[in-house]
Amino acid sequence: MATGRTHRPATSRSRGIPEATVARLPLYLRALTALSERSVPTVSSEELAAAAGVNSAKLRKDFSYLGSYGTRGVGYDVEYLVYQISRELGLTQDWPVVIVGIGNLGAALANYGGFASRGFRVAALIDADPAMAGKPVAGIRVQHTDELEKIIAGNGVSIGVIATPAGAAQQVCDRLVGAGVTSILNFAPTVLSVPEGVDVRKVDLSIELQILAFHEQRKAGEEAPAEEETAPPAAPPAAAVTKRPDTGPDGDVPAVMPA
């Protein structure tokens with residue numbers, strides 16, 4: 001099986017696929033893989049769109065970039081779409097990956113079984129702590145950052161994962177790029193500066209939680225007025241009686257006005 005460094009298929013950029021479509025392809029692939037595991041042969045655009053969390057018109061537009069239009073009355077062939085999207089995403093080959101920073105998060109990533117099943121092989125685990133060197137994590141021996149450049153060159157690595165503290169992330173990024181890494185998945189809570197030609201994807205769990213908090217606050221604010229609208233109206237206050245100067249003692253207008 002070819003490695004990421006020795007073989008690069010035509011990229012979505014060269015094929016003119018929009019970035020928004022590229023971002024949705026993994027969603028379609030996840031839904032299709034679940035269907036494939038259940039031996040479902042075909043799927044309609046409406047069913048697949050619902051499983052992926054998008055609308056069917058957007059799905060059909062996305063698939064048109066792949067040259068896949070489905071069959072009227074039948075739908076899309078699940079296995080063929082799995083292959084098509086996997087090929088477009090570059091998952092029909094082996095991508096060696098290094099993880100730098102083997103703390104709690106880095107160790108959790110190393111133990112994540114989804115990498116291997118999706119075409120990513122964890123080639124090395126790297127940490128700056130000398131006490132970590134040689135320790136096995138997820139069956140892989142942790143290596144010291146002094147060996148970073150040699151590890152990347154020896155394994156043909158083009159994808160690096162940064163799981164270090166924020167203060168160390170930029171320096172690690174610079175070393176990865178200098179060693180030939182051209183794609184970085186950044187879990188450190190900081191923005192990385194990279195040269196042109198290097199792609200960075202940032203995963204910040206705190207930001208995602210803050211966005212969820214915003215939506216929760218907005219929903220709470222929408223529910224409060226709704227509750228006020230459904231509450232029974234309060235009884236109006238008793239109207240004050242103002243006697244007109246030409247009324248009688250009980251407030252009645254006399255039948256005959258005085259001369």
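Select helix α1 and colour its buried residues, which are Thr21, Val22, Arg24, Leu25, Tyr28, Leu29, Ala31, Leu32 and Leu35. As you look along the helix in this predicted model, keep the general geometry in mind: an α-helix has 3.6 residues a turn, so residues three or four places apart point the same way.

Next, show what lies over those side chains: the cover of the buried residues of α1 includes β1 (42-43), α2 (45-52), α3 (56-65) and α4 (78-88).

Now pick the two end C-alpha atoms of α1, residues 19 and 37, which are 28 Å apart; this agrees with the 27 Å that its 19 residues should span, because each residue is taken at 1.5 Å. Move on to Ser39, just after α1, where the backbone takes a positive phi of about 60 degrees.

Then zoom out to the whole protein, whose secondary structure comes to nine helices and nine strands. Of its 259 residues, 34% are buried, and its accessible surface comes to about 15900 Å², with 57% of that area belonging to carbon and sulfur atoms. If you display contacts between residues at least 6 apart in sequence, 57% of them join residues at least 24 apart.

Finally, colour by pLDDT: the mean for the protein is 84, and 81% of the residues reach 70 or more. Select residues 239-247, where pLDDT is below 50 and where the model has nine contacts beyond near neighbours in sequence. End at residues 249-259, a stretch over which pLDDT stays under 50 and for which the model has nine contacts beyond four places in sequence.

Methods: Residues numbered from 1 in each chain as written. Predicted model: local features only at pLDDT ≥ 70, side-chain atom pairs only at ≥ 80, totals over all residues. Heavy atoms only, no water. Helix = DSSP H or I, 4+ residues; strand = E, 2+ residues; numbered from the N terminus. Expected span 1.5 Å × (residues − 1). Buried < 20%, exposed > 50% of the residue type's maximum accessible area, 1.4 Å probe, protein only. Contact = heavy atoms within 4.5 Å. Areas by Shrake-Rupley, 256 points an atom, 1.4 Å probe, with all protein chains shown as cover. pLDDT = per-residue confidence, 0-100.
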